[in-house]
Amino acid sequence: MTAASATATKPAAADPMGGRIQAAIERAIQRNIKGLEYIASSAPVMGATPKDLIHSRGTLNLYHYRPLAEEIYRVPLLLVMATTNKGYIFDLAPGQSLVEYLLQRGYDVYVMDWNAPRADEKHLSLETYVLDFIPDCVSRVQAESGEEDVTLVGYCMGGVLSVMYAALNADGPIKNLACFTTPIDYEHMTMFKRWSDRNYFEVDRLVDTLGNIPGELIFTSFEMLRPATRIAGQVQLWENIWNDDYVKSYRMFDRWSTDTLPLAGEYFRQTTKELMWENSLFTGKLTLNGKRVEMGNIKVPVFHAVAQHDHIVPYDAAKPLIASVGTDDKKEIVLKGGHVSVVAGPNAVKRLWPALDQWLGERSV
Amino acid sequence: MAEQQSPPDPAAAFRELVSQWEKGINEFAGRAMNSDEFSRAMNKATTTSTTMQQQLGELIGRYLTTLNLPSRAEMINIGERLQTIETSLHRISTQLEKISGGAVNSPGAGPPRTKRPPSAEQKGVAS
């Protein structure tokens, strides 16, 4: 907290009411000053932990973060970002970066991140992501690290893709699979399922008309899940604008959530039909290039972190992962927080990150 | 003796009000949107809007052609070709680094992979 904000919160001990009025006035002044600063200032810098881009192919970027520990675990981690958003949610700012935390705890960290798919990438499909992008990155991580084993860590749809890959590659080289808020049973994605009702939602027409699905459309559908939350957030921002830490945090999360990526048309068509309409990952009927994706084939240790108040992936949609995998070494943790705050922010620092470190550490040697 | 009542805090009351408003609106909207009628209306609006967008795009494209100006699609196409060239350049520079023995891509380069989890280290100390 800055000197200004500290002054603004200091109550006058002798007269509580007087102190409160004084603090309110000082905060009002600070709001005006900071409000002007907010408008004039540039966006916060995110994703600044030193890294090397080791592979780039259209929508796919593979980064290798530079180690921060003198000694690292044998097994490298490959984080798979959700296809709807940018990967800097894993690396918001120093002290609020999952990547930085993992590096400091002695992990060798790689991240699969996404650019907006280009118009000529509208044909990218689930097969491209699961049978091409992930194996390509896994083999590059193996080559770069000199290690055969790799741990996959997937967030949301990144988790879904990781689950599919792990199910189709039961013989390796995956050492462990960790997922955050990963939807498996789409029957419980209530609102998305309702909006994409096959009786009304003309997915073929939409994809055939647009090619790729615009990020604005994806963003709007997320926003519609809680239509008042953005306005309430802005009111809270105004109230807390004297507090530099609050403003910084708000701006980081706001920028990330509005930085929604378009989705490749074919990939969107398939996820709508296969996952949302047929629920075929959960029922075990999903096939990619003729191979059936059976979660029971996953024999490596599995960790799943889910959020208690997740409005995007409700707990019931995420719960079946642990029940469906074919390993005894599996762990689910239900954490306080929402879809994003479970992975990044003060709650994640206290809850998810230490739990993940403890689970991974024992399985990364 | 009764506890001394703290004076009312208008800021806290305001926060509570905003929180209740947010919760109420979200619940109401959630109920309203979780219906066949909403789903039908929303998808009709989306389809209409995308069709209009496409038709408008085609119309503007024809107009720009008349003016001998590039359309957005053509600019995107040029951008994509530039990106492809950048990707190729990156691939070439990576290969060059490898050939010249650059440390970045040397397999296994970096700190030793000997770290043990804290639990294993504690066991080691105990024994």
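## Helix H9(A) against H1(B)

In this predicted model, A:Thr229, A:Ala232, A:Val235 and A:Gln236 of H9(A) meet B:Val18, B:Trp21, B:Glu22 and B:Asn26 of H1(B). Sorted by class, the residues of this contact comprise four nonpolar, three polar and one charged.

Helix H9(A) covers residues 229-239 and packs against H1(B) at an angle of about 170°, the two axes lying 9 Å apart. H9(A) is therefore roughly antiparallel to H1(B), since an angle over 145 degrees counts as such.

## Helix H7(A) against H2(B)

A further helix pair between the chains is formed by H7(A), residues 203-210, and H2(B), whose axes come within 10 Å and cross at roughly 20°. Because angles under 35 degrees count as roughly parallel, H7(A) and H2(B) are described as roughly parallel to each other. Their crossing is left-handed.

On the side of H7(A), the contact is made by A:Arg205, A:Leu206, A:Thr209 and A:Leu210. H2(B) contributes B:Thr46, B:Thr47, B:Thr50, B:Thr51 and B:Gln54. By class, the contact of H7(A) with H2(B) has two nonpolar residues, six polar residues and one charged residue.

## The interface as a whole

The contact between the chains draws 45 residues from chain A and 37 residues from chain B. On the chain B side, the elements that give two or more residues are H1 (10-33), H2 (36-66), H3 (72-99) and H4 (118-126). H2(B) supplies the largest share of that side, with nine residues.

In terms of residue class, the side of chain B that touches chain A has 16 polar, 15 nonpolar and six charged residues.

## The sheet of chain A

Chain A contains an open sheet of eight strands in the order E1-E2-E4-E3-E5-E6-E9-E10, with mixed pairing. E1 and E10 (330-335) stand at the edges and have a single partner strand each, so one side of each is left without a neighbour in the sheet. From one strand to the next, the twist averages 15°.

At one edge, E1(A), residues 51-57, runs antiparallel to E2(A), residues 60-65, and six bridges join them. A:Arg57 stands opposite A:Leu60 of E2(A). The two strands form a hairpin with two residues between them, and A:Gly58 in the turn has a positive phi of about 60°.

At the other edge, E9(A), residues 302-307, pairs with E10(A) in the parallel sense over six bridges. A:Ala307 has A:Leu335 in E10(A) as its bridge partner. In a regular strand, side chains alternate between the two faces of the sheet.

## Confidence

For the complex, the predictor gives an ipTM of 0.72 and a pTM of 0.83. Chain B averages a pLDDT of 79, and 83% of its residues score at least 70.

Within chain B, confidence is highest in H1(B), at a mean of 86, and lowest in H4(B), at a mean of 66. Where pLDDT is low, the predicted coordinates should not be read in detail. H1(B) is the helix that packs against H9(A), while H4(B) is one of the elements that give two or more residues to the side of chain B touching chain A.

Terms used: Residues numbered from 1 in each chain as written. Chains lettered and ligands numbered in written order. Predicted model: local features only at pLDDT ≥ 70, side-chain atom pairs only at ≥ 80, totals over all residues. Contact = placed C-beta atoms within 7 Å. Helix = DSSP H or I, 4+ residues; strand = E, 2+ residues; numbered from the N terminus. Nonpolar A, V, L, I, M, F, W, Y, C, P; charged D, E, K, R; others polar. Axes fitted to C-alpha atoms, helices over the stretch in contact; angles between N-to-C directions. Parallel < 35°, antiparallel > 145°, perpendicular 65-115°, else oblique. Left-handed = near helix turned anticlockwise from the far one by under 90°. Pairing = 2+ DSSP bridges. pLDDT = per-residue confidence, 0-100.
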